[in-house]
Amino acid sequence: MSNDKTDKFIHAAETFLGKAEDALTERERSVVEKAIRRQTLARDSGAAFDDRLTFGQRLADGVAAFGGSWAFIAGFGIFLVLWTATNILLANRAFDAYPFIFLNLMLSMLAAIQAPVIMMSQNRQAAKDREASAHDYEVNLKSEIEIMALHEKLDHLRSAEMRELITKQQEQIDLLTKLIEGHLKEVESK
């Protein structure tokens, strides 16, 4: 950074964040730099996160989305009813007789596979939420800095306007004083 930019950066850090330049976190430093350069921070962090997902992660998210849907519950309920009804109706020729041991085995295997897949998807969603939260913090911090900078500019404009008004008022007082003095000299001379 050039000296002027460094001075602006130090001023912004101290004025708006109340911190010395070396006390800023990397995130705060980035936000201050973008505020000084008038760059935007807004972006779709969810889309950026989704673009980095691997095929396996996308597949896990799809499985978790389907596994937690009413379509899955209804479809699996129908499958269970058909399985048990078929085996009960076939009686002695049933491929999985009454305690449905094979069905229990399949359900256990499905749960053993489905649970970690759903947990992976939830962990990714939590990471996505943390990234979105961090981005929200950056945008909010930059907004606060911009608002404080606007207040500073307004205060500066108001001060300049007050100085100008006081100067004009002093000029008017001086003019009135001269007029009164002139008028008093006229009155005294008569």
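Leu179 is found in helix 6, which spans residues 101-189; helices (H or I, at least four residues) are DSSP runs numbered from the N terminus. The structure is a predicted model, in which local features need pLDDT of at least 70 and side-chain atom pairs count only at pLDDT 80 or more, while totals for chains, interfaces and linings use all residues. Residues are numbered from 1 along each chain as its sequence is written, and side-chain values use heavy atoms, with hydrogens and water left out.

**Confidence**

The predictor's confidence in each residue is given as pLDDT, from 0 to 100. The chain averages a pLDDT of 89, and 99% of the residues score at least 70. Among the elements of the chain, the lowest mean pLDDT (80) belongs to helix 1 (residues 3-17), and the highest (94) to helix 5 (residues 70-90). Where pLDDT is low, the predicted coordinates should not be read in detail.

**A nonpolar patch**

Leu179 counts as exposed because its relative accessibility is 52%; exposed means over 50% relative accessible area, buried under 20%, and partly exposed in between (1.4 Å probe, protein chains only). Together with Leu175, Leu176, Ile180 and Leu184, Leu179 makes a nonpolar surface patch of about 510 Å². Patches consist of residues with over 30% relative accessible area and no salt bridge, with nonpolar side chains (Val, Leu, Ile, Met, Phe, Trp, Tyr) joined within 5 Å and like charges within 9 Å. The areas come from the Shrake-Rupley method with a 1.4 Å probe, and for residues only the protein chains shown count as cover.

**Salt bridges**

The structure holds 11 salt bridges, each being a side-chain nitrogen of Lys or Arg within 4 Å of a carboxyl oxygen of Asp or Glu. The table includes some of them.

| Salt bridge | N to O distance |
|---|---|
| Lys19 and Glu28 | 2.9 Å |
| Lys128 and Asp50 | 3.1 Å |
| Arg158 and Asp155 | 3.7 Å |

In the pair of Lys128 and Asp50, Lys128 lies in helix 6 and Asp50 in helix 3 (residues 45-51), so the salt bridge ties together parts that are 78 residues apart in sequence. Asp50 is partly exposed, at 27% relative accessibility.

Lys19 is partly exposed, with a relative accessible area of 28%, whereas its partner Glu28 is buried, at 8%.

Arg158 and Asp155 both belong to helix 6, where they stand 3 residues apart, about one turn of the helix. Arg158 is exposed at 53% relative accessibility, and Asp155 is partly exposed at 41%. Elsewhere, Arg38, Lys142 and Glu146 are joined into one network by salt bridges that share partners.

Methods: Helix = DSSP H or I, 4+ residues; strand = E, 2+ residues; numbered from the N terminus.
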